[in-house]
Amino acid sequence: MHLEFRHLRVLLTVAEAGSIRRAAARLQLSQPATSAQLKRIEHELGGPLFTRSAEGVKPNENGQYVLRCARDLVVGFDRLREHARSAAEADGGTASPLRAGGTAGPLVSLLISALFELVPERRLGIDARRSVHTLVKALSQSKCDIAVFGEFPGFPLPVGDSVVTRTLLREPVFVLLAEDHPLARQEMVSLRDLRGEEWVMPEADESGVHAYLHLTCQSAGFTPRIAHVTPDLSVAQILVAGRRAVCGVWPTADVPAQGTVQRPLVDVPFHRRLQLAWNTESVPAGLADAVGERLLAAYLSLVRQRPQYLAWWEGGGEEFALGAADG
């Protein structure tokens, strides 16, 4: 086998997914096919690049070096391709790409899939960001055409006059607990029962996530102790599994890591509004409507794949999620 550029993307997908199963789903291949391809790539590169275990795969020392090189090559190639295409479009007067972006987890991939189906003739430029402030600014400055993001109640994100937003649904926050935590035996957890816990949170940003946690917990009679801050969910899962913290998680996330469980919170004290936003100067209203319909349908399909979330949804959560978006 000769090593090809597409093989680098396979390696990066396996590393990012953390397991052959999840990587296969992202690559739209079977698990055996993905495993066999990974072994051929490792053989071509001289030996194993990952350590296998029941929990998944992790790059070994050689794998870490190969992955750093692979990322540099992939980023460089993407920049080369984008520059070449932009130059060709400028010379030939072809239509500019439709620029799509987002910060709301799996909704970003659902948005991309919807656009592939609805406007297959348009080239897409993807801008998936961690900072919602940067994303909203790009929308306002016409540097992004259509995007999805989450917005916390009481912390509205300013958008420009040419940008329209539509709430798709309200998504609850579940709490992630160690599987041997006393509260894990309950089907639902009261926020007040978490008053003695330490929290692990993502870093504070313009979305107001830390302030939202404080205000909501204070309304329940206590001030939360944010003892750990990390942008990496896998790090948070380790802390939770070790009974060092609890954290909020979106119910559309992959099944909990080993040693942890997700539980809904009584009366949905935490939630976010999932917003579809588009620039009216570059996205027709009809396309935005069609994208919104497809996103909602795809999201409901995702709900059915998450047993814990589906139980909450069918137990009365659907009315909250799809009801008036004023909460």
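This is a short dialogue on reading some features of a predicted model.

Visitor: Let's begin with helix α10. How many residues does α10 have, and how far apart are its end C-alpha atoms?

Guide: Helix α10 covers residues 307–322, which makes 16 residues, yet its end C-alpha atoms are only 19 Å apart. A straight helix would reach 22 Å at 1.5 Å a residue.

Visitor: Where does α10 bend?

Guide: The bend is at glycine 316, and it comes to about 85 degrees.

Visitor: Which residues of α10 are buried?

Guide: The general idea helps here. An α-helix has 3.6 residues a turn, so residues three or four places apart point the same way. In α10, the buried residues are Tyr309, Trp312, Trp313, Gly317 and Ala321. Among the elements that cover them are β6 (163–172), β7 (174–178) and α9 (285–304).

Visitor: Now for backbone angles. What sign of phi do most residues other than glycine have?

Guide: Most residues other than glycine have a negative phi. Here, arginine 243 has a positive phi of about 60 degrees, although it is not a glycine. You will find arginine 243 in the loop between α8 (233–241) and β10 (247–249). Valine 268, not a glycine either, has a positive phi of about 50 degrees. The loop holding valine 268 runs between β11 (260–263) and β12 (271–279).

Visitor: Is valine 268 buried or exposed?

Guide: Valine 268 counts as buried, because its relative accessibility is 15%, under the 20% cut-off. Arginine 243, at 44%, counts as partly exposed.

Visitor: On to the interior. Which residues touch the most other members of the largest nonpolar core?

Guide: That core has 38 residues, and those touching the most other members are Leu111, Leu115, Ile146, Leu276 and Leu295. Take leucine 295 as a case: leaving aside neighbours within four places in sequence, it is in contact with Leu107, Leu110, Leu111, Val148, Leu168 and Leu276. There is also a second, separate core of 21 residues, including Trp199, Ala220, Phe222 and Val246.

Visitor: Last, the cysteines. How many disulfides are there?

Guide: The count comes to zero, with a disulfide taken as a pair of cysteine sulfur atoms within 2.5 Å.

Visitor: Why does cysteine 247 have no bond to cysteine 217?

Guide: The closest cysteine sulfur to that of cysteine 247 is in cysteine 217, but it is 13 Å away, so it is too far for a bond. Cysteine 247 is buried, with a relative accessible area of 3%. Cysteine 144 is buried as well, with a relative accessible area of 1%.

Methods. Residues numbered from 1 in each chain as written. Predicted model: local features only at pLDDT ≥ 70, side-chain atom pairs only at ≥ 80, totals over all residues. Heavy atoms only, no water. Helix = DSSP H or I, 4+ residues; strand = E, 2+ residues; numbered from the N terminus. Expected span 1.5 Å × (residues − 1). Bend = angle between axes of the 7 residues up to and from the residue. Buried < 20%, exposed > 50% of the residue type's maximum accessible area, 1.4 Å probe, protein only. Contact = heavy atoms within 4.5 Å. Core = buried A, V, L, I, M, F, W, Y, C linked by side-chain atoms within 4.5 Å.
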